[in-house]
Amino acid sequence: MSKQNAFYAQSGGVTATINTTACGVIETARKHKNRIGKVYAGRDGIIGALTEDLIDTSKEPATAIRALRHTPGGAFGSCRYKLKGLDEHRAQYERLIEVFRAHDIGYFFYNGGNDSADTSYKVSQIAERLGYPLVCVGVPKTVDNDLAVTDCCPGFGSVAKYVATSIREAGYDVASMARTSTRVFILEVMGRHAGWITAACGLAAEKEGDAPHILLFPEIKFDEERFLARVDDTVRRHGYCAIGVSEGLRNADGKFLSESGLRDAFGHAQLGGVAPLLASLVKDRLKQKYHWAVADYLQRSARHIASKTDVLQSYAVGKAAVELAIKGRSGVMPVIVRKSSKPYRWTVGVAELKDVANQEKMMPRDYITGDGFHITEKCRQYLEPLVQGEDYPPYRNGLPAYVKLRNAAVPKKLNTEFKI
């Protein structure tokens, strides 16, 4: 195969370690200069490809690329933009191929979650239909940990470490003041359909009475009366109650408790905050003083407390994606394969994109206690290895020192524009 350029883009909500994966992709590509010319990044994800807004990563020194390993956010910009079906909007895909042809791009790396895997798969299909030689490799990432096939998702381990730490520390705070102040604390975490992040909060409770006392999962329909009874009993027994809840909590009819009526660019319901709704119940029905918090962007950008396991895995999938591509493996995604939990051993395997695209991995029922309010020992054994180890960024003047890239634009070669 002749040497060609590569395209890399970040998609969807970013994580504390998606740039670690970018580092793995770019550093590995630079080691294969006989096969890969330049790595062009899409500015703001796939939108950068459609609008021919490309970033020349070769303009960045090795030190800056290396610093991506410990920098949160999306260094090249990300987006929530879902490509429609091949037959429904063929022009989008033809535009991608037009841009790739103009810039001699023969490798496509798309770093994202479920919808991004679908995009990678569709791009591989249209390239084949149009007879354009393009190797398409999806690269896994999502804090939700809901990608199929892979044992865990790069980005999740660090979120898990953050929320478990946060609710443990908040528990100490609330316990200190419970006699005269707040007795019920609610932490809302991400997770639309799958309760993996909520489950991670449960790692903080290692013995009876430890916070969190109650976990509320999307997989378990919310029962108001049972919830209030459990809160009341917990406060009576322990003096306070700490709760972890997923933003995707649903009622008996399957409707999101916090659905705002809006939808994002992927067509997903915009959730408006379940924690204050639960807090109102506690106040109105139990007459208890409460406090609530939403982890929100803090949980997915907390690189200062990243899991070392997550960092290693995030780099490994980026490296593996390039190695698969130069072997001509298209329509695939590197995935994490667990060899054992104690001691924890893992390796990188390969999945077909068609088996990953638009699939969601929910919490198994046996990972949730029979009463639906906490995690089982089996779940703990799955989660614990993913939060192991520390990988602190360098600090300057008492704060984490992160990198900002130059993100030099690649000169456009096409005379046509594409409207998003």
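Let's start with empty space. The largest cavity holds about 80 Å³. Keep in mind that this is a predicted model. The structure has one cavity of 30 Å³ or more.

What lines the largest cavity? Leu215, Leu216, Phe217, Ile220, Lys221, Phe222, Asp223, Arg226, Phe227, Leu249, Gly372 and Phe373 do. By class, that lining is eight nonpolar, one polar and three charged residues. Strand S7 and helix H8 each supply at least two of the lining residues.

Now the pocket. The second largest pocket encloses about 300 Å³ of space. Its lining counts 17 residues, and Glu208, Gly209, Pro212, His213 and His374 lie nearest the centre. Which element gives the most to this lining? H8 does, with four residues. The classes here are three nonpolar, six polar and eight charged.

So much for space. Next, the sheet.

Four strands form an open sheet, in the order S7-S8-S6-S11, and the pairing is parallel. The edges are S7, residues 214–216, and S11, residues 290–294; each of these pairs on one side only. On average, neighbouring strands in this sheet are turned by 15° against each other, direction ignored.

Look at the S7 edge. S7 pairs with S8, residues 241–246, in the parallel sense, over three bridges. Take Leu215: its bridge partner in S8 is Gly244. Leu215 also appears in the lining of the largest cavity.

Two helices to show you against the sheet. Helix H6, residues 156–177, packs on the sheet and touches S6, residues 184–189, and S8. The direction of H6 makes about 165° with that of S6. Helix H8, residues 224–238, lies across S6, S7 and S8. H8 runs at about 150° to S8.

H8 has a helix partner too. How do H8 and H9 pack? The angle is about 70°, and the axes are 11 Å apart; H9 spans residues 275–286. The window for roughly perpendicular is 65 to 115 degrees, so H8 and H9 are roughly perpendicular to each other.

Who makes that contact? From H8, Glu224, Glu225, Phe227, Leu228, Val231 and Asp232. From H9, Leu278, Leu281, Val282, Arg285 and Leu286. By class, the H8 and H9 contact has seven nonpolar, no polar and four charged residues.

One residue to click on: Phe227. Phe227 belongs to the H8 side of the contact with H9, and Phe227 also lines the largest cavity.

To recap H8. H8 lies across S6, S7 and S8, packs with H9, and gives the most to the lining of the second largest pocket.

Key. Residues are numbered from 1 along each chain as its sequence is written. This is a predicted model: local features need pLDDT of at least 70, side-chain atom pairs count only at pLDDT 80 or more; totals for chains, interfaces and linings use all residues. Side-chain values use heavy atoms; hydrogens and water are left out. Two strands pair if DSSP finds at least two bridges between them. Axes are lines fitted to C-alpha atoms, for helices over the stretch in contact, and angles run from 0 to 180 degrees between N-to-C directions. Contact means heavy atoms within 4.5 Å. Angles under 35 degrees count as roughly parallel, over 145 as roughly antiparallel, 65 to 115 as roughly perpendicular and the rest as oblique. Ala, Val, Leu, Ile, Met, Phe, Trp, Tyr, Cys and Pro count as nonpolar, Asp, Glu, Lys and Arg as charged, and the others, Gly among them, as polar. On a 1 Å grid over the protein atoms alone, a cavity is a set of points where a 1.4 Å probe fits but cannot get out, and a pocket is an open set with protein on both sides within 12 Å along at least five of seven lines; lining residues have an atom within 4 Å of a point. Grid points are joined across faces, edges and corners, and a volume is the space filled by probe spheres set on the points.
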